[in-house]
Amino acid sequence: YVTLGGKQVKLAPGGLIYDQNNRTIVQGALMPGTDVAFTVDINGDIARIYILTPQEQAQLDRMQ
């Protein structure tokens, strides 16, 4: 399980977490409060988590 937006959600079997350089990292390396984007699988579990770069976060902030 991982906590996203204060809500605990299930990381899918084989779910991957990517750092800001698109390298996979282990779940324990994901620091609390990190800005991320994520995708869900057909079951609603978290399939991929992407740690956002400051530029990507700024782009998302402009879109909202």
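These legends walk through several close-up views of a predicted model.

**View 1. The open sheet and its strand order.**
Start with the sheet, which is open, has four strands and follows the order 4-3-6-5 with mixed pairing. Strand 4 and strand 5 are its edge strands, each pairing on one side only. Between strand 3 and strand 6 the pairing is parallel, and four bridges hold this pair together in the model. If you want a spot to look at here, try leucine 16, which sits opposite arginine 48 of strand 6.

**View 2. The hairpin of strand 3 and strand 4.**
Here strand 3 (11-18) and strand 4 (24-25) run antiparallel and are joined by two bridges. Isoleucine 17 has isoleucine 25 as its bridge partner in strand 4. The two strands make a hairpin, with five residues between them. Apart from neighbours within four places in sequence, isoleucine 17 also has plenty to list: its contacts are Arg23, Thr24, Ile25, Val26, Gln27, Leu30 and Ile49.

**View 3. Two residues in one loop.**
Zoom in on the loop between strand 3 and strand 4, where you'll find aspartate 19 and asparagine 22. Is aspartate 19 buried or exposed? Aspartate 19 has a relative accessible area of 11%, under the 20% cut-off, so it counts as buried. Setting aside residues up to four places away in sequence, aspartate 19 touches Ile25 and Ile51. Asparagine 22 has a relative accessible area of 59%, over the 50% cut-off, so it counts as exposed.

**View 4. The backbone at asparagine 22.**
Stay with asparagine 22, in the turn of the hairpin that strand 3 and strand 4 form. What is worth checking here is phi, which is near 60 degrees at asparagine 22, a positive value in a residue that isn't glycine. For background, most residues other than glycine have a negative phi.

**View 5. The hairpin of strand 5 and strand 6.**
Now for the other hairpin view: strand 5 (residues 36-40) and strand 6 (residues 46-51) run antiparallel, with five bridges joining them. Phenylalanine 38 has its bridge partner in strand 6, namely isoleucine 49. Five residues lie between the two strands, and in the turn glycine 44 shows a positive phi of about 90 degrees.

**View 6. The largest nonpolar core.**
Which residues make up the largest nonpolar core? There are nine in all: Val2, Leu4, Val9, Leu11, Ile17, Leu30, Ile46, Ile49 and Ile51. At least two residues of this core come from each of strand 1, strand 3 and strand 6. Strand 6 gives the largest share, three residues. You may recognise a few members from the earlier views: Ile17 and Ile49 are in contact with each other, and Ile51 is touched by aspartate 19.

**View 7. The largest pocket.**
Finish at the largest pocket, with a volume of about 220 Å³. Its lining consists of Tyr1, Val2, Thr3, Leu4, Gly5, Gln27, Leu30, Met31, Pro32, Gly33, Thr34 and Val36. Strand 1 (residues 2-4) provides the largest share of that lining, three residues. How many of the lining residues are nonpolar, polar and charged? Seven are nonpolar, five are polar and none is charged. Val2, Leu4 and Leu30 belong to this lining and also to the largest nonpolar core.

Key: Residues numbered from 1 in each chain as written. Predicted model: local features only at pLDDT ≥ 70, side-chain atom pairs only at ≥ 80, totals over all residues. Heavy atoms only, no water. Buried < 20%, exposed > 50% of the residue type's maximum accessible area, 1.4 Å probe, protein only. Contact = heavy atoms within 4.5 Å. Pairing = 2+ DSSP bridges. 1 Å grid on protein atoms, 1.4 Å probe; cavity = no way out; pocket = protein on both sides within 12 Å on 5 of 7 lines; lining within 4 Å. Points joined across faces, edges and corners; volume = space filled by probe spheres on them. Nonpolar A, V, L, I, M, F, W, Y, C, P; charged D, E, K, R; others polar. Core = buried A, V, L, I, M, F, W, Y, C linked by side-chain atoms within 4.5 Å.
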